[in-house]
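Here is a short walk through one protein model, from the overall fold down to a few side chains. Have a look at the structure first, then read on.

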Amino acid sequence: MTPRLLLSVFLLAASPLLAHDLQYTVVGGQAVVIKLFYVDNTPFTFEGYEIYRDGEKLPYQVGRTDALGRIAFLPDRAANWRVKAFSEDGHGLDFKLGTDAAASLAGSEKPVFERYSRIFLGVAVILGLFGFLSLYLKRSKSS
C-alpha cells in the first residue's frame, strides 16, 4: 500500500470513532433537564442512568433516558449531585452538578478529559499515524 492510500484509509476509519463520544448539556428550571448525546448529535436514547446526592450510596433517581436522550429530575433541596449514565455497549459518562436552595441548577462541571477529549483524540491519531508511517517508510528503505 502506498503511504497516501494508507493515510486515507486511517482518516476514513477514524470518523466513525468520534460518533461514540458521549456529550451532554444541562438546563435548569422547575426541573433539571440533562440532554445526553454523541458528538454527531445522535441522542443517547433509552439508556440507563442513576442520580446520587453527594455522600449517599443509594440513588435518588434511577431510570432510562427518553427518546431524545433526556433525563429530568426534581431536586428536593440544595445539593451536589452525581449523574451516571451508561449503555449496554459500555458507553457512558459520570459527572457532577449542583443545585441551589430553590432546587434550581447552580452549576455543572465537566471533567478535564471530557472538555478536551477531541484535542486528546486528535493528537493521539496524529502521533499514531506519524509513528506508523515512520515504521512503514523505514521498512520500505531497508527492503
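Before anything else, a cut-off that will come up again and again: a residue is called buried when its relative accessible area is under 20%, exposed when that value is over 50%, and partly exposed in between. Keep in mind, too, that this is a predicted model.

## The overall picture

The protein has 2 helices and 8 strands. Going along the sequence, they come in the pattern α-β-β-β-β-β-β-β-β-α, so a helix stands at either end of the series of strands.

How much of the protein is buried? Of its 143 residues, 27% fall in that class. The accessible surface adds up to about 9,400 Å², and carbon and sulfur atoms own 62% of that area. As for contacts, take those with a separation of 6 or more: 45% of them are between residues 24 or more positions apart.

## A three-stranded sheet

Which strands make up the open sheet, and in what order? There are 3 of them, arranged E1-E2-E5 with antiparallel pairing. Strand E1 (22-27) and strand E5 (70-73) are the edge strands, each pairing on one side only. From one strand to the next, the twist averages 20°. As a reminder, strands of a sheet pair through backbone hydrogen bonds, in either a parallel or an antiparallel way.

Now for the pairings themselves. E1 and E2 run antiparallel and are joined by 6 bridges; in that pairing, Thr25 has Lys35 of E2 as its bridge partner. On the other side, strand E2 (residues 32-38) pairs with E5, again in the antiparallel sense, over 4 bridges. There, Ile34 sits opposite Ile71 of E5. Why call E2 largely enclosed by the rest of the structure? Because 5 of its 7 residues are buried.

## Salt bridges around Arg53

The structure holds 5 salt bridges. Several residues are tied up in one network: Arg53, Glu56, Asp76 and Arg77 are linked by salt bridges. Is Arg53 buried or exposed? With a relative accessibility of 7%, Arg53 counts as buried, because the cut-off for that class is under 20%.

Arg53 has two partners worth a look. One is Asp76, with the closest N and O atoms 2.6 Å apart. Arg53 lies in strand E3 while Asp76 is in the loop between E5 and strand E6 (79-86), so this pair ties together parts that are 23 residues apart in sequence. Asp76 itself is partly exposed, at a relative accessible area of 47%. The other partner is Glu56, whose side chain meets that of Arg53 in a salt bridge at 2.8 Å, N to O.

## Glu56 and its surroundings

Where does Glu56 sit? It is in the loop between strand E3 (48-53) and strand E4 (61-64). Its relative accessible area is 35%, so Glu56 counts as partly exposed. Glu56 and Arg82 are 26 residues apart along the chain, and their C-alpha atoms are separated by 9.9 Å.

## Another pair: Arg70 and Asp66

Arg70 and Asp66 also form a salt bridge through their side chains, at 2.9 Å from N to O. Both ends are partly exposed: Arg70 has a relative accessibility of 37%, and Asp66 has one of 25%.

## A nonpolar patch on the surface

Which residues make the nonpolar surface patch? Ile119, Val123 and Leu127 do, and the patch covers about 290 Å². Val123 belongs to helix H2 (residues 112-142). At a relative accessible area of 41%, Val123 is partly exposed.

Key
Residues are numbered from 1 along each chain as its sequence is written. This is a predicted model: local features need pLDDT of at least 70, side-chain atom pairs count only at pLDDT 80 or more; totals for chains, interfaces and linings use all residues. Side-chain values use heavy atoms; hydrogens and water are left out. Patches are made of residues with over 30% relative accessible area and no salt bridge: like charges are joined within 9 Å, nonpolar side chains (Val, Leu, Ile, Met, Phe, Trp, Tyr) within 5 Å. Accessible areas come from the Shrake-Rupley method with a 1.4 Å probe; for residues, only the protein chains shown count as cover. A salt bridge is a side-chain nitrogen of Lys or Arg within 4 Å of a carboxyl oxygen of Asp or Glu. Buried means under 20% relative accessible area, exposed over 50%, partly exposed in between (1.4 Å probe, protein chains only). Two strands pair if DSSP finds at least two bridges between them. Axes are lines fitted to C-alpha atoms, for helices over the stretch in contact, and angles run from 0 to 180 degrees between N-to-C directions. Contact means heavy atoms within 4.5 Å.
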